[in-house]
Amino acid sequence: MKRKISLTILLLFCIAATAQDVITTKDGEDIQAKVLEITQTDIKYKKYSNPDGPIYSISKSEVLIVRYENGEKEVFKDITKNYKPNTTYNVKEGMSYSEYKDFYDKKMYVHQPGDPYNPSGAGVASFFIPGLGQGIADEWGRGALFFLANLGLGIGSGITYYGMLNYREPYKTNNTYYFLIITATRLAIDIWSITDAVKIAKVKNMYNQDIRGKRTAQLDCTLTPFITTTPTLRNDNTAITGLSLNFSF
């Protein structure tokens, strides 16, 4: 369900008496005109200085505001939705890491303000304690697997190292062989834990960037002019214009 927030901005200025329409472009140019028609894409008008002349047309995307001769205004303001997703897959809010991890290429990660995870910090954490970086990135179950694997291999390397130093042949040679295999496996898992923690942090940041982008793209903003009157000290009324700013998201 969309939530709506309305914000009214009063622009306190009197309406000058005029008998013409004024088209103000986004470049700041004022066109004295008589507006004839406003279509979905264009504004058709005649120049005020030549009412019997040709009909001109200007794109609505080039126009900021039209001031009509009766004091009313029409604002043409678009919200540019320049959201560029990190993946072509349709991701949605509330997905787990396992559901979207294959949608993203961590090499394409670009840091943005608001990213919740620090890839470098996650990697350093897993360097000192395998699995801790995954936990910092809110993947504690995955981190626990790395931690337990490292712990088990550590115990195994300690036992085989003891046998390598204290046992006689052929047990000494066998323990040396097992110690080297276990140590190499443990080192490989430790390196994997570091790179995995960095990957998780980057991918989760990319996912969060897409969710934030979707929210921004769904934000709808309308700016509607209004006109009202207010009494003055001279017991007459002064016309006041304003803009009503509405957000829907």
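This passage describes the overall make-up of the chain and then helix H2.

The model is predicted. The chain has 249 residues, of which 33% count as buried. Five helices and nine strands are assigned. The order of elements from the N terminus is β-β-β-β-β-β-β-α-α-α-α-α-β-β. The helices thus follow one another in a single run, with strands before and after. Among contacts with a separation of 6 or more, 57% join residues 24 or more positions apart. The exposed area of the chain is about 16,300 Å². Carbon and sulfur atoms supply 58% of that area.

Helix H2 spans residues 119-128. Its buried residues are Pro119, Ala122, Gly123, Ala125 and Ser126. Viewed down the axis of H2, these residues fall within an arc of 160 degrees, so they line one face of the helix. Ser120, Phe127 and Phe128 are exposed, on the other side of H2. A polar contact marks the start of the helix: a side-chain oxygen of Asn118 comes to within 3.1 Å of the backbone nitrogen of Ser120.

Ser126 illustrates the buried face. This residue of H2 has a relative accessibility of 1% and therefore counts as buried, the cut-off being under 20%. Leaving aside residues up to four places away in sequence, Ser126 touches Gly131, Leu132, Gly133 and Gln134. Its contacts also include Ser193, Ile194 and Ala197.

Notes: Residues numbered from 1 in each chain as written. Predicted model: local features only at pLDDT ≥ 70, side-chain atom pairs only at ≥ 80, totals over all residues. Heavy atoms only, no water. Buried < 20%, exposed > 50% of the residue type's maximum accessible area, 1.4 Å probe, protein only. Helix = DSSP H or I, 4+ residues; strand = E, 2+ residues; numbered from the N terminus. Arc of directions from axis to C-beta. Polar contact = N/O pair within 3.5 Å; in protein donor to acceptor, adjacent residues only side chain to side chain. Contact = heavy atoms within 4.5 Å. Areas by Shrake-Rupley, 256 points an atom, 1.4 Å probe, with all protein chains shown as cover.
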